[in-house]
Amino acid sequence: MVTKIAFNGPDDALAALAGKLLTVPTELACSDYVGRVLGKAVLADRDSPAADVSAMDGYALRMSHLKQTESIAVIGEAACGQPSPEMPDRGTVRIFTGAIVPADCDLVVKREDTIEGDGQIELTPSARENPKGSNIRRAGENLTAGSIVFNPGMLISPAARAAMVNFGHVGVDLHKPVRTTVITTGDEVVDLETTTQPWQLRNSNLWSLLSLFGQHHWIDLQPSGQCRDNKQALVDALTSALETSDAVIMTGGVSMGDYDYVPDVVREVGGEVVFHGLPIRPGKPILGAATHDGKLILGLPGNPVSAVINARRMVLPLLAKMSGQTKWMPIVPAIQVAAVQPKDIPLHRMLLVHLNESGQAELVNSKGSGDLVSLGQSDGFIELPIGSSITSPCRFFAW
Ligand SMILES: Nc1nc2c(c(=O)[nH]1)N[C@H]1C(S)=C(S)[C@@H](COP(=O)(O)OP(=O)(O)OC[C@H]3O[C@@H](n4cnc5c(N)ncnc54)[C@H](O)[C@@H]3O)O[C@H]1N2
Ligand code: MOO
């Protein structure tokens, strides 16, 4: 039996469970890279820039031109999309931003630092102050051919995509998305189509979790749904979900009620329980387990606020680890909270907040873990570790 004091906080527990989880394999992908995880390093196929290029629209000069008092003849043009022309012996060539600078060109002066005449230019005093190399981007100054642009395990952003295109990457090794199933439990839980009785409630956990996970291209949601509080039905549902998934996320039935079968069911299907109970609020009864082949089984508490907060705080990092991301432990901003210090309790707290116009967090007035109204009004939650002060910036987890 794993005791509640096994871990001091969420990150310890995450680290222990993450060590038992599989990493999904890689595949060659030729499109839709953004939001996926790199499986192999991306190398530069050529220097960046590929040649010495002009950083400005202007004129290509030799250093000797800067001392020349008479006007300089404009002999030719270095245009974008063309090999560079020869540098004339005495005159200059007009050059455009991004065009290759001619060999023997020492610097580029901006158009606005010249007085342009008919087929000739004069240099202004500020043009004459340019040092050698001015306004030239040197070949390979960003990166040289063969160097690593991105390491494996990186989540590909739209910005990273730009660099991958620049280096000609068409087929790329990516980790497959983590196949994830959500199973909600509880005899009182019904789907949206059912006419509800007072003793029933709609399955909000299914949709909060599917929406949260569905934001990520590195997660592949599998058919998910609801299971009654029946031990055999739960064993069957979990067994079949594990056949087609890398991770199964359950909600409800994880605390101490007579019908809270999830801990037994997880063990029955061969799950090794790493934690059952953590010093956190909400989410104290949370259960984390791994199968012998590294699949994740996470039992979230049924309370809707607790379920989604812990899906964000605990489940997403574990799925990120399985997806191959090297930065899988949550990296979130720390922001100022406009609130008075809550009473000290020996639990690591996660409190719903919304952001005000100054970008500070304000606590949402919540009636507790079943309050879906305050949950819906929140932008995310802040984290208050045991004994910490709310006057210092707190980590903010956005939805
Ligand atoms: N004796 C104790 N009782 C409880 C403890 C405890 O430590 N000792 N912990 C409390 C805490 S904290 C939580 S959180 C809950 C978690 O309990 P379960 O995970 O067993 O969840 P359930 O009892 O099944 O449900 C709790 C609550 O959430 C509603 N629910 C469940 N599933 C859904 C769903 N899919 N969509 C919307 N709402 C759902 C359910 O109806 C209950 O109201 O245990 C405390 N008790
Ligand atoms: O996880 Mo519970 O929601 O602390 O009440």
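**Cysteines, domains and a ligand shell**

Me: How many disulfides does this structure have?

Reply: The count comes to zero disulfides. Please keep in mind that this is a predicted model.

Me: Why is there no bond between cysteine 80 and cysteine 105?

Reply: A disulfide requires two cysteine sulfur atoms within 2.5 Å. The cysteine sulfur closest to that of cysteine 80 belongs to cysteine 105, and it is 14 Å away, which is too far for a bond. Seen from cysteine 105, the closest cysteine sulfur is that of cysteine 80, again at 14 Å.

Me: And is cysteine 105 buried or exposed?

Reply: Cysteine 105 counts as buried because its relative accessibility is 8%, and the limit for buried is under 20%. Cysteine 80 has 43% relative accessibility, so it counts as partly exposed.

Me: New topic: how is the chain divided into domains?

Reply: There is a domain 1 (10-25 + 176-322), a domain 2 (29-48 + 148-175), a domain 3 (53-137) and a domain 4 (334-398). Taken over C-alpha atoms, the centres of domain 1 and domain 3 are separated by 65 Å.

Me: Now the ligand. Which residues come nearest to ligand 1?

Reply: Ligand 1 has 21 residues around it, and those that come nearest are Glu188, Asn203, Val254, Ser255 and Gly302. By class, this shell consists of seven nonpolar, eleven polar and three charged residues.

Me: Which helices or strands supply at least two residues of that shell?

Reply: Those are β13 (178-185), β15 (201-202) and α4 (204-214).

Me: Which backbone atoms lie close enough to count as polar contacts with ligand 1?

Reply: One of them is a backbone N or O atom of glycine 302, which lies 3.0 Å from an oxygen atom of ligand 1. For asparagine 303, a backbone N or O atom is 3.2 Å from an oxygen atom of the ligand. In serine 204, the partner of the backbone N or O atom is a nitrogen atom of ligand 1, at 3.4 Å.

Me: How much of ligand 1 does the protein cover?

Reply: On its own, ligand 1 has 870 Å² of accessible area, and the protein covers 70% of that.

Me: Back to β13. Where does threonine 185 lie, and what does its side chain reach?

Reply: Threonine 185 lies in strand β13, and its side chain reaches the backbone oxygen of threonine 251 at 2.9 Å. A polar atom of the same side chain lies 3.5 Å from the backbone oxygen of glycine 252.

Me: Is threonine 185 buried or exposed?

Reply: Threonine 185 is buried, because its relative accessible area is 7%.

Technical notes
Residues numbered from 1 in each chain as written. Chains lettered and ligands numbered in written order. Predicted model: local features only at pLDDT ≥ 70, side-chain atom pairs only at ≥ 80, totals over all residues. Heavy atoms only, no water. Near = heavy atom within 4 Å. Polar contact = N/O pair within 3.5 Å; in protein donor to acceptor, adjacent residues only side chain to side chain. Areas by Shrake-Rupley, 256 points an atom, 1.4 Å probe, with all protein chains shown as cover. Helix = DSSP H or I, 4+ residues; strand = E, 2+ residues; numbered from the N terminus. Nonpolar A, V, L, I, M, F, W, Y, C, P; charged D, E, K, R; others polar. Buried < 20%, exposed > 50% of the residue type's maximum accessible area, 1.4 Å probe, protein only. Domains from an automatic or database assignment.
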